[in-house]
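Hi,

Here's the structure I said I'd pass along. Have a look at it first, and my notes on what turned up follow underneath.

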Amino acid sequence: MNKIILTLAAVMTMSFAACAQNKGDSNMQTENKPLVVYFSATGTTDKVARTIADVTGGTLYEIVPQQAYTSDDLDWNDRQSRSSVEMNNPQARPALKDTKLNVAAHDVIFIGYPIWWDQVPRIINTFIESHDLKGKTLVPFATSGGSGITGSVSALRKAYPDLKWLDGKLLNRVSRNAVQNWVGDVMKPQ
Ligand SMILES: Cc1cc2nc3c(=O)[nH]c(=O)nc-3n(C[C@H](O)[C@H](O)[C@H](O)COP(=O)(O)O)c2cc1C
């Protein structure tokens, strides 16, 4: 009899422990797992975004333009190319393929992009203006041919002063370890 009671007690303790564990996990999923959104025209920012999603366990989401950019569109030597025309017009808002992303479950949103003319590509503005990002912690990251990220982040802060922007980071040719250290700092509870 004693043996049966002891076994029962052990089983009950174990299931309580399992419940507590599950609760912790589900909290992580609804509150602490970041969203990693990014635009990438030629694949460089895509790789970095995947690493961030991988090391954080976050949800990866690619910002896809309704009309894909061709290599002619990306020719920065051509003043008439699509990217030149868009970047010369602060009001340009290239259309998104999909605008149904639900951002509600995430407190932290990484936003990645290639630096174009020292700025965010205009499609990043389209994304920001198409989603309710108020109250979220927004973490910019970028890749570039050498330019820094600070010009683009200053412009984002100026354009969207009601949103909460962290300084972000340029992630050119960084190791997985470096990404891990950086996101560890970003995600540290304040
Ligand atoms: C239209 C255009 C403008 C660019 N402007 C800059 C720039 O101002 N500074 C810079 O360092 N790199 C610039 N680049 C290079 C990209 O930032 C760099 O190649 C980036 O890693 C590409 O990322 P992706 O492969 O994710 O599109 C530009 C590229 C394009 C297509």
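Going along the sequence, the protein reads α-β-α-β-α-β-α-β-α-β-β-α, which comes to six helices and six strands. Keep in mind that this is a predicted model. The average pLDDT is 88, with 83% of the residues scoring at least 70. The part to be wary of is residues 5-30, where pLDDT stays under 50 and the model has three contacts beyond four places in sequence. Where pLDDT is low, the coordinates shouldn't be read in detail, so I'd leave any fine reading of such parts aside.

On the overall make-up, 28% of the 190 residues are buried. If you take contacts between residues at least 6 apart in sequence, 74% of them join residues at least 24 apart.

Now to strand S1, residues 35-38. Leu-35 and Val-37 point one way from S1, while Val-36 and Tyr-38 point the other way, and all of them are buried. S1 has pairings with two strands that I looked at, S2 and S3:

- S2 (residues 59-62) runs parallel to S1, and four bridges join them. Val-36 has Leu-60 as its bridge partner there, and Leu-35 has Thr-59.
- S3 (residues 108-114) also pairs with S1 in the parallel sense, over four bridges. Here the bridge partner of Leu-35 is Ile-109.

So how do you get from S1 to S2, and with which handedness? Helix H2 (residues 44-56) makes a β-α-β unit with the two strands, and that unit is right-handed.

H2 comes up again at the ligand. There are 20 residues around the ligand, and Ser-40, Thr-44, Thr-45, Pro-114 and Gly-145 come nearest. H2 supplies the largest share of that shell, namely three residues. If you're thinking about the chemistry of the surroundings, the shell splits by class into seven nonpolar, eleven polar and two charged residues.

One residue I'd click on is Gly-112, which sits in strand S3. Why does Gly-112 count as buried? The cut-off is 20 or more other C-beta atoms within 10 Å, and Gly-112 is buried because it has 26 C-beta neighbours inside that distance. Leaving out residues up to four places away in sequence, Gly-112 touches Tyr-38, Thr-45, Val-48, Ala-49, Phe-141 and Ala-142. One of these, Thr-45, is also among the residues that come nearest to the ligand. Gly-112 and Val-37 are worth a look as a pair too: they are 75 residues apart in sequence, yet their C-alpha atoms are 6.3 Å apart in space.

Last, helix H4 (residues 122-130). Its buried residues include Arg-122, Ile-123, Ile-124, Asn-125, Thr-126 and Phe-127. What covers the buried residues of H4? Among the elements doing that are S1, helix H3 (82-88) and S3, so S1 and S3 turn up here as well as in their pairing with each other.

Cheers

Key
Residues are numbered from 1 along each chain as its sequence is written. This is a predicted model: local features need pLDDT of at least 70, side-chain atom pairs count only at pLDDT 80 or more; totals for chains, interfaces and linings use all residues. A residue is buried if 20 or more other C-beta atoms lie within 10 Å of its own, exposed if 12 or fewer, and partly exposed in between; C-beta atoms are placed from the backbone. Two strands pair if DSSP finds at least two bridges between them. A crossover is right-handed if, with the strands pointing away from the viewer, the path from the first strand over the helix to the second runs clockwise. A residue is near a molecule or strand if its C-beta atom, placed from the backbone, lies within 6 Å of it. Ala, Val, Leu, Ile, Met, Phe, Trp, Tyr, Cys and Pro count as nonpolar, Asp, Glu, Lys and Arg as charged, and the others, Gly among them, as polar. pLDDT is the predictor's confidence in each residue, from 0 to 100. Two residues are in contact if their C-beta atoms, placed from the backbone, lie within 7 Å.
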